[in-house]
Amino acid sequence: MKLVKNVSLALASAGFMVLAATAEAKAINLTYENSIGSPGFGPGELFVPQGVAQSNADGNVYVSNGRGFDPSPGGAGFLPNVGNRVDVFSPDGTYLKAIGTGVQGKGAGIDEPGDLKFDPISGNLYVADVFNSEIDVYNPQNGEFVTSFGSFSGQGPGDIFFGPGGIDFDKEGNLHVTDFSADEVKVYGRDGSLVKTYGSLGTEPGQFDGPAGLAISQNTGNIYINDQFNNRIQVLDSEENFLYAFGTEGTEPGQFNEPIGIDVDEFDNIYVADSQNNRVQVFDKDGNFLTVFGEPVENPGPPAPGELPFSTNPADLEPGKFNWSGGLSYNDGKVFVGDFFTGRVQVLNVEGRDAAKKVPEPTTLLGLGVFALGAAATKLKKNKQSA
């Protein structure tokens, strides 16, 4: 697992291309609204929140709450029966209930919930069950388990996270799921049967190295995929044909350090949880950089062995500070960001999202946003980190 210390978020201060991007940044602005949840293991407390989704039916916010951990000397380590549920909060952050319980093995139960999506047809809640390598389906109203389906590649040599990653529905109601270890996307039909797969390991267009978050535009059907270890976003059309990609490895605007969560708004602006850079970046529908929000806590990164992820420094819970921005979703002018190692979800307001289309594009695209091949292909699978 990578440890990243003292991530620099300094913006470049010179150069035409960066200045052009800064002009576009005025079109969209992210501001902190509130946090949901707090670190811990009790009701309404979160341990490594990953997926997050807001229901259009009742406005409640559903948060994946990962495995608990016993750090005491001689303790049991990870505890499948602690956490491993979806916690439900009202829009103002009041804890309401939990869905699911920790069970290792196929079928009813969750072992490390990841991305969440609501089926636009049935209204059911779909959960990427990472360590059980399946998709679990629940009735969000009564919390009852409905079914599970899918089969993913499981843990590869040295992999820490594996199985299903990002999930989203296309216009036909098929579910697209990134298979993190297999470096491909699986598509499941309404009956849970595998329809097709696309993608393979590599750095070429349409190839992936650790595909993570996935979002599908309800306007165009375009598919947006966080190509995590290639440090780029790939955009495919509704037939899975490659359209374009943007991003390179780094800390400057438009660069990434293992992006995980992704979503698009009603104007096809693109929101990316740039995990190890501890921030959220926003791009227009063509991949041009618009704005960035967030800064790292004092010592960002995963906890040392035997330590809880929760910081004892109150400053680390200040608004706008992240310790690995992970799962991300957009809904009705708000962005919900799972803050992995501080046990909370930060809710951001999106201002001016409709203005992005009115801002003239620069004559020279942001240099960081071009499609890049390169050294990312040499990264070892054992260094993979996803959610």
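Reader: Why is Arg-67 called buried?

Author: In this predicted model, Arg-67 has a relative accessible area of 13%, and because buried means under 20%, the residue falls within that class. Its place is in strand E5, which covers residues 61-70.

Reader: What makes the pairing of the side chains of Arg-67 and Asp-111 a polar contact?

Author: The two side chains come to 2.6 Å, and since a polar contact asks for a pair of N or O atoms within 3.5 Å, the value of 2.6 Å for Arg-67 and Asp-111 satisfies that cut-off.

Reader: How do you know that strand E20 and strand E23 stand at the edges of their sheet?

Author: Four strands form an open sheet in the order E20-E21-E22-E23, with antiparallel pairing. Strand E20 (259-264) and strand E23 (289-293) each have a single partner strand, so one side of each is left without a neighbour in the sheet. From one strand to the next, the twist averages 20°.

Reader: What makes E20 and strand E21 a pair?

Author: A pair needs at least two bridges between the strands, and E20 and strand E21 (residues 270-274) are joined over four bridges in the antiparallel sense, so the requirement is met. At the level of single residues, Asp-263 has Tyr-271 in E21 as its bridge partner.

Reader: Why is strand E27 described as largely enclosed?

Author: Strand E27 (residues 334-339) has six residues, and five of them are buried, so the strand is largely enclosed by the rest of the structure.

Reader: Which strands pair with E27, and how do you know that they do?

Author: Strand E26 (residues 325-331) pairs with E27 in the antiparallel sense over five bridges, while six bridges join E27 to strand E28 (residues 344-351), again running antiparallel. Because at least two bridges are required, both E26 and E28 count as partners of E27. Lys-334 illustrates both pairings, as it stands opposite Asn-331 and has Asn-349 in E28 as its bridge partner.

Reader: Which residues take a positive phi in the two hairpins that E27 forms?

Author: In the hairpin of E26 and E27, with two residues between the strands, Asp-332 takes a positive phi near 50°. In the hairpin of E27 and E28, where four residues lie between the strands, Gly-343 takes a positive phi near 60°.

Reader: What makes up the lining of the largest pocket?

Author: The largest pocket has a volume of about 740 Å³, and of its 27 lining residues the closest to the centre are Asn-56, Lys-117, Phe-118, Tyr-330 and Asn-331. Two or more residues each come from strand E4 (49-54), strand E8 (113-118), strand E12 (164-169), E20 and E26, and E26 gives the largest share, namely three residues. By class, the lining has nine nonpolar, ten polar and eight charged residues.

Reader: How many cavities does a search of the whole structure find, and what lines the largest of them?

Author: The search finds three cavities of 30 Å³ or more, and the largest cavity holds about 130 Å³ of space. Among its 16 lining residues, those closest to the centre are Asp-115, Gly-213, Ile-260, Gly-261 and Gly-327. At least two lining residues each are supplied by E4, E8, E12, strand E16 (211-216), E20 and E26.

Reader: How does the lining of the largest cavity divide by class?

Author: The lining of the largest cavity divides into six nonpolar, eight polar and two charged residues. Because Gly counts as polar, Gly-213, Gly-261 and Gly-327 of this lining belong to the polar class.

Terms used: Residues are numbered from 1 along each chain as its sequence is written. This is a predicted model: local features need pLDDT of at least 70, side-chain atom pairs count only at pLDDT 80 or more; totals for chains, interfaces and linings use all residues. Side-chain values use heavy atoms; hydrogens and water are left out. Axes are lines fitted to C-alpha atoms, for helices over the stretch in contact, and angles run from 0 to 180 degrees between N-to-C directions. Buried means under 20% relative accessible area, exposed over 50%, partly exposed in between (1.4 Å probe, protein chains only). On a 1 Å grid over the protein atoms alone, a cavity is a set of points where a 1.4 Å probe fits but cannot get out, and a pocket is an open set with protein on both sides within 12 Å along at least five of seven lines; lining residues have an atom within 4 Å of a point. Grid points are joined across faces, edges and corners, and a volume is the space filled by probe spheres set on the points. A polar contact is a pair of N or O atoms within 3.5 Å; within protein, one must be able to donate a hydrogen and the other to accept it, and residues adjacent in sequence count only if both atoms are side-chain atoms.
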